[in-house]
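This report describes one protein structure for a reader who is new to the subject. Please keep the sequence and the model in view while reading.

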Amino acid sequence: MRNNQQALKNQNHLCPVEDRRCDDGQFTNFNNIIIPVLTDMFSHVSSEKLQETLVSYHSLNESEWSIAKKSKDVTVWRKPSQEFGGFLYKTEGTVAESPQRIVDYIRPGACRLDWDSMITSLDILQTLDQGRCVVKYTTAGQLWNIISPREFVDFSYTTDYQRGLLSCGMSVDHDEQKAGFVRGFNHPCGWFCVPAQGSDLSLLTGYIQTDLRGMLPQTAVDTAMAGGMINFYGDLRRALKAQPRCL
């Protein structure tokens, strides 16, 4: 995994947001760096529309959700998706860190590859401008490989939200496909991270609606999605505690 992380850094020697320190210790301003864009990959994607969609999920009434799984400190809910025939999942829990540092670990990049046990490879295909990129990544098989490894190509957008941040994304068209992987599709999804009231914690709320594709029983999808979202918080908390900073 660490070799993959270093390869990602070497291939994409870029900072994800303006005035962030790059691997060589130099600062780079992304307002002055615009990589040529393959516009057909994301011509149907609007950052503003994507953000509006996530905010609409975040505003749904509690009565619209049903509990899918619950642990001591993380809850996962679900409701029928309006995007495809599966479910929109919501998860929420607190994390003992600032929103900025948490989102640094969540958004696409070498840091995410290093700690997220579900991601087996990650390549940033295009860095568009500050906070926006196109990323291709693969995920491990789940449930004794009942769900085989998947590949995704997503447009990712990170922006300010209230007193914290929103990191969101959705899949885009991309013809090239890695052998041995099923191409999945992420409908609008994302993570809101804001300071929790009256504490030093941050409230991290995620919305995921992934079409894994293939002939899969819904019970297997539900188990994998709900369990994976709860495990996500555990992996993230351990990484934040173990690593002093995300490069």
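The text below moves from the whole chain to its strands, its cores and its aromatic rings.

**Overall picture**

The structure is a predicted model. The protein has 247 residues, and 52% of them are buried. Its secondary structure consists of five helices and 14 strands. Counting the contacts with a separation of 6 or more, 59% are between residues 24 or more positions apart. The protein exposes about 12500 Å², and 49% of this area is supplied by carbon and sulfur atoms.

**Strands β3, β4 and β5**

Strand β4 covers residues 74–80 and is mostly covered, since five of its seven residues are buried. On one side, β4 pairs with β3 in the antiparallel sense over four bridges. Within this pairing, Ile67 has Trp77 of β4 as its bridge partner. The two strands form a hairpin with three residues between them.

Strand β4 also pairs with β5, which spans residues 87–95; the two run antiparallel and are joined by seven bridges. Here the bridge partner of Val76 is Thr91 in β5. A hairpin joins β4 to β5 as well, through six residues.

Two charged side chains sit over rings in this part of the sequence. Arg78 lies over the face of Phe87, at 3.7 Å from the ring centre. The charged end of Lys90 sits over the ring of Trp77, 5.1 Å from its centre. Trp77 is thus named twice here, as the bridge partner of Ile67 and as the ring beneath the charged end of Lys90.

**Strands β9, β12 and β13**

Strand β12, residues 189–195, has six of its seven residues buried, so it is largely enclosed by the rest of the structure. Which strands pair with β12? Strand β9 (residues 164–171) is joined to β12 by five bridges, and the two run antiparallel. In this pairing, Gly169 stands opposite Cys189 in β12. Strand β13 is also antiparallel to β12, with six bridges between them. Gly190 has Tyr207 of β13 as its bridge partner.

The strands β12 and β13 form a hairpin with six residues between them, and Gly198 in the turn has a positive phi of about 70 degrees.

The table lists three of the antiparallel pairings described above.

| Strand pair | Bridges | Residues facing each other |
|---|---|---|
| β3 and β4 | four bridges | Ile67 and Trp77 |
| β4 and β5 | seven bridges | Val76 and Thr91 |
| β9 and β12 | five bridges | Gly169 and Cys189 |

**Nonpolar cores**

The largest nonpolar core has 38 residues, and those with the most contacts inside it are Ile102, Leu204, Phe232 and Leu236. Helix α5 (residues 218–242) provides the largest share of this core, namely eleven residues. A second, separate core has 20 residues, including Cys168, Met170, Phe192 and Val194.

What does Phe232 touch, apart from its neighbours within four places in sequence? Phe232 is in contact with Ile106, Arg112, Trp115, Asp116, Trp191 and Leu204.

Helix α3, residues 99–106, is mostly covered, with seven of its eight residues buried. The buried residues of α3 are Pro99, Arg101, Ile102, Val103, Asp104, Tyr105 and Ile106. Among them, Ile102 has already appeared in the largest core, and Ile106 as a contact of Phe232.

**Aromatic rings**

The model contains ten aromatic pairs. In one of these pairs, Tyr57 and Tyr207 are tilted, with 6.2 Å from centre to centre and 45 degrees between the planes. Tyr57 lies in helix α2 (residues 47–58) and Tyr207 in strand β13 (residues 202–208), so the pair ties together parts that are 150 residues apart in sequence. Both Tyr57 and Tyr207 are buried.

Trp65 and Tyr207 form another pair: their ring centres are 6.1 Å apart and their planes are at 45 degrees, so this pair is tilted. Trp65 lies in the loop between α2 and β3, and the pair links it to Tyr207 in strand β13, 142 residues apart.

Why does Trp65 count as buried? Its relative accessibility is 9%, and buried means under 20%, so Trp65 counts as buried. At 0% relative accessibility, Tyr207 counts as buried too.

Ring pairs link Tyr57, Trp65, Tyr161, Phe192 and Tyr207 into a cluster. Two of its members have further roles in this account: Phe192 belongs to the second core, and Tyr207 is the bridge partner of Gly190.

Notes:
Residues are numbered from 1 along each chain as its sequence is written. This is a predicted model: local features need pLDDT of at least 70, side-chain atom pairs count only at pLDDT 80 or more; totals for chains, interfaces and linings use all residues. Side-chain values use heavy atoms; hydrogens and water are left out. A nonpolar core is a set of buried Ala, Val, Leu, Ile, Met, Phe, Trp, Tyr and Cys residues joined through side-chain atoms within 4.5 Å. Buried means under 20% relative accessible area, exposed over 50%, partly exposed in between (1.4 Å probe, protein chains only). Contact means heavy atoms within 4.5 Å. Rings of Phe, Tyr and Trp (its six-membered ring) pair if their centres lie within 6.5 Å; planes under 30 degrees apart count as stacked, over 60 as edge-to-face and the rest as tilted. A charge sits over a ring if NZ of Lys or CZ of Arg is within 6 Å of the ring centre and within 35 degrees of the ring normal. Two strands pair if DSSP finds at least two bridges between them. Accessible areas come from the Shrake-Rupley method with a 1.4 Å probe; for residues, only the protein chains shown count as cover.
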